[in-house]
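Biologist: Thanks for sitting down with me over this one. Could you put the structure up before I start asking?

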Amino acid sequence: MENRSFRKLGRSVGVVGLGAWQLGADWGEVSETDAHATLQAAVDAGVTFIDTADVYGDGRSEQIIGSFRKDHPGLTVFTKMGRRLPQDPANYRLDNFRAWTDRSRANLGVDTLDLVQLHCPPTPVFSSDEVYDALDILVEEKRIAAYGVSVETVEEALAAIARPGVASVQIILNAFRLKPLERVLPAAAEAGVGIIARVPLASGLLSGRYDASTTFGADDHRNYNRHGEAFDVGETFSGVDFGVGLEAVGRLRPLVPAGATMAQFALRWIIDQPGVTAVIPGARNPEQARANAAAADLAPLSPETREMITAVYDELIRPQVHDKW
């Protein structure tokens with residue numbers, strides 16, 4: 001698998017990583033045995049980078065990864081913090097950061113976290129000098145090797161990129177969310193900040209496996225958060241109306257290369273974007289993990305195909321999401 005560098009960390013990772021939200025919660029039940037099998041399949045397919053968070057299953061995702069990592073010490077694991085308390089900017093302070101990272105260190109079984117990301121905090125946090133000073137102290141104390149941010153909006157990403165200590169920005173980027181291409185990716189490349197593309201399949205819409213009759217379980221956010229009832233609506237189907245998303249997928253499907261799946265096509269589009277360091281599709285089973293990793297083996301999409309993807313976005317998706325994120 002192609003490797004790309006997180007320049008401020010001084011390490012490289014496979015361009016297709018694994019997002020581990022599914023291994024914790026909010027996507028239906030995944031047993032610990034299945035979670036370990038999924039992690040093993042991903043590693044066997046060339047994945048070297050896993051992204052998780054302290055709130056995925058209240059630490060369950062971190063604990064499973066920590067157990068797995070004992071036999072796979074070469075893995076790079078990023079986690080996230082900041083959503084264990086109400087989303088009040090006043091909670092983003094050094095004593096909480098120490099407590100949260102100590103908990104993640106214990107869950108993951110490491111002395112120093114590879115990198116910790118602020119987990120989509122309130123917008124004012126991104127402009128707080130005190131927050132970045134506290135993160136710098138965590139680095140000095142060797143609780144973390146580096147820090148980054150996970151964001152909801154372009155403006156939040158740009159505010160973080162302007163901070164010299166920020167090593168990475170995690171942002172929603174997929175064929176239904178093109179706005180980051182305009183400013184975020186160029187700014188990150190200039191600053192040497194890694195870009196992690198999250199929600200790459202728009203919560204599965206871009207897998208092409210759903211239709212108008214598809215239903216989701218009561219414990220699946222694609223059921224209970226379609227209108228932002230539990231957290232930011234942009235996290236579910238990238239904020240796109242389910243029916244509109246299905247129509248867009250129908251228009252994109254003829255563009256999928258022979259021998260590739262719709263999901264692999266969608267992931268390859270992200271890999272092709274200049275400035276992307278890694279994309280982190282989730283997986284609930286080994287088959288999904290292997291298929292996602294195989295997207296890195298596809299040939300780059302042609303300019304004509306990329307133009308047609310943009311045309312579908314401009315017609316169907318842009319009116320819904322462009323001004324929001």
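Biologist: What share of the area that the protein chain exposes do carbon and sulfur atoms supply?

Modeller: Happy to help; this is a predicted model, where local features need pLDDT of at least 70, side-chain atom pairs count only at pLDDT 80 or more, and totals for chains, interfaces and linings use all residues. Residues are numbered from 1 along each chain as its sequence is written, and side-chain values use heavy atoms, leaving out hydrogens and water. The protein chain exposes about 12,700 Å² (Shrake-Rupley method, 1.4 Å probe). Carbon and sulfur atoms supply 49% of that area.

Biologist: What radius of gyration does the protein chain have?

Modeller: The radius is taken over C-alpha atoms, and the globule rule is 2.2 Å times the number of residues to the power 0.38. With 325 residues, a compact globule would come near 20 Å, and the protein chain agrees with its 18 Å.

Biologist: Is Q273 buried or exposed?

Modeller: Q273 lies in the loop between α9 (262-271) and β10 (278-279) (DSSP runs: helices are H or I of at least four residues, strands E of at least two). Not counting residues up to four places away in sequence, Q273 touches R4, L181, L185 and R306 (heavy atoms within 4.5 Å). Its relative accessible area is 9%, so Q273 counts as buried (under 20%; exposed is over 50%, partly exposed in between, with a 1.4 Å probe and protein chains only).

Biologist: Which residues in α3 meet α2?

Modeller: The α2 side brings E62, Q63, I65 and G66. Their partners in α3 are S104, N107 and L108.
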